[in-house]
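Dear colleague,

I am handing over the structure we spoke about, with the sequence alongside. Please look through it first; my notes follow below.

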Amino acid sequence: MNDELFGINHERIGGGMSRRLFLRATLAGGASLLAGRAATLFAAASANDNSAFSIGGDLPVNRLGFGAMRLTGEGIWGWPPDRENALKVLRRAVELGANLIDTADAYGPETDELLIAEALYPYPKGVVIATKGGQIRPGPGEWVPKGDPEYLKQCVDKSLKRLKLERIDLYQLHRIDPKVPMEESLGALKEAQSAGKIRHIGLSEVSPEQIERARKAVPIVTVQNRYNITDRKWENTLTYCEKEGIGFMPWAPVGGQRGLTGDALERAAKDHGVTIYQLGLAWLLHRSSVMLPIPGTSSLAHLEQNMAAAKVKLSADEWKAIDALAGQA
Ligand SMILES: NC(=O)c1ccc[n+]([C@@H]2O[C@H](COP(=O)([O-])OP(=O)(O)OC[C@H]3O[C@@H](n4cnc5c(N)ncnc54)[C@H](OP(=O)(O)O)[C@@H]3O)[C@@H](O)[C@H]2O)c1
């Protein structure tokens, strides 16, 4: 997805670490230390693991999920150059414990949902496919909100078919269409929910005020906004979600197309035997128990690395030190 399109504001990170960090990561499949370091270990007292979160109170998922958008072709358009690889990545994500898979009808468009069904259907027990509707794609890298109710109703039907599902566990309104009152868009989703086509409804790129307004029309169980260690523009939405027990699915959790950068964070990660991506994901998981990161990759190696981040342990002090580091100019 084109980062520019979303008006992304990347903060620069600089400076050194104020205190020594102690990190240990175990690889997902075993107990080997990532860099063979005999680092001091602190079991995190808080949310810094892949513990479950119950979406809508009845849909338990491991908090570290997988975003499938990067599996499509260039510009999030068409089929991937290596389709077999894309299928392998999806299957491996589930093997490694990602049971919240995020997609959208707009990814491809359509090809992402089709790939998910091809790779994973019949879906293993507990796998939650979260899709979205409400954006059309005039061409590669182009995204246009479209929220009129009739359009959304047929989006739901088409996603059901592509995903080979009888009911979509989590359906997210990809964008609030500024040309359509949100109550009308959400009304279409509510209707689909009443018809048993959707279990839960989520929103994307929204402010607390917009969530409050939406909740007057329909229960909202998740919010998906851009958020990562170096981009906290939506902090107020995260705070709102925490207060209300709404799942927060940060997109671009490892920095999106541009990745995660920053000398100080790089040094901290390297110094302690993890990558900056793992550090960023561990920081997110630790940030809040409603945090449901959905890192995306088309690389099996990156996937393994990202999923191993769920095992990175941070004490409260370590987390604070990393947090302060990321906030430096
Ligand atoms: N709601 C929305 O509006 C919205 C917008 C955008 C995305 N999303 C969702 O959020 C998910 C994640 O967002 P995103 O893909 O934009 O951002 P992201 O997950 O932060 O970053 C993905 C990018 O980082 C690279 N990457 C991932 N892991 C890496 C690693 N360990 N080392 C080095 N590079 C790594 C990937 O390249 P490689 O393929 O080379 O690994 C890819 O280019 C998407 O899949 C999609 O489901 C939602």
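How do the residues of the shell around the ligand divide into nonpolar, polar and charged? In this model, which is predicted rather than determined by experiment, the shell is made up of ten nonpolar, 14 polar and three charged residues. The ligand is surrounded by 27 residues, and the closest of them are Gly-67, Met-69, Trp-251, Gly-296 and Thr-297. Helix α9, which spans residues 300-308, supplies the largest share of this shell, namely three residues.

The other part of my notes concerns strand β9 and its two partners. Strand β9, covering residues 198-204, is mostly covered, with six of its seven residues buried. It pairs in the parallel sense with strand β8 (residues 168-173) over five bridges, and within this pairing Ile-198 of β9 is the bridge partner of Ile-168. Between these two strands the chain passes through helix α4 (residues 182-194), and the resulting β-α-β crossover is right-handed.

Strand β9 is also joined to strand β10 (residues 222-224), again in a parallel arrangement, here by three bridges; Gly-202 has Thr-222 in β10 as its bridge partner. With helix α5 (residues 208-215), strands β9 and β10 form a β-α-β unit that is right-handed.

Taken together, strand β9 is paired in parallel with β8 and with β10, and a right-handed crossover is found on the way from β8 to β9 as well as in the unit of β9, α5 and β10.

With best regards

Terms used. Residues are numbered from 1 along each chain as its sequence is written. This is a predicted model: local features need pLDDT of at least 70, side-chain atom pairs count only at pLDDT 80 or more; totals for chains, interfaces and linings use all residues. A residue is near a molecule or strand if its C-beta atom, placed from the backbone, lies within 6 Å of it. Helices (H or I, at least four residues) and strands (E, at least two) are DSSP runs, numbered from the N terminus. Ala, Val, Leu, Ile, Met, Phe, Trp, Tyr, Cys and Pro count as nonpolar, Asp, Glu, Lys and Arg as charged, and the others, Gly among them, as polar. A residue is buried if 20 or more other C-beta atoms lie within 10 Å of its own, exposed if 12 or fewer, and partly exposed in between; C-beta atoms are placed from the backbone. Two strands pair if DSSP finds at least two bridges between them. A crossover is right-handed if, with the strands pointing away from the viewer, the path from the first strand over the helix to the second runs clockwise.
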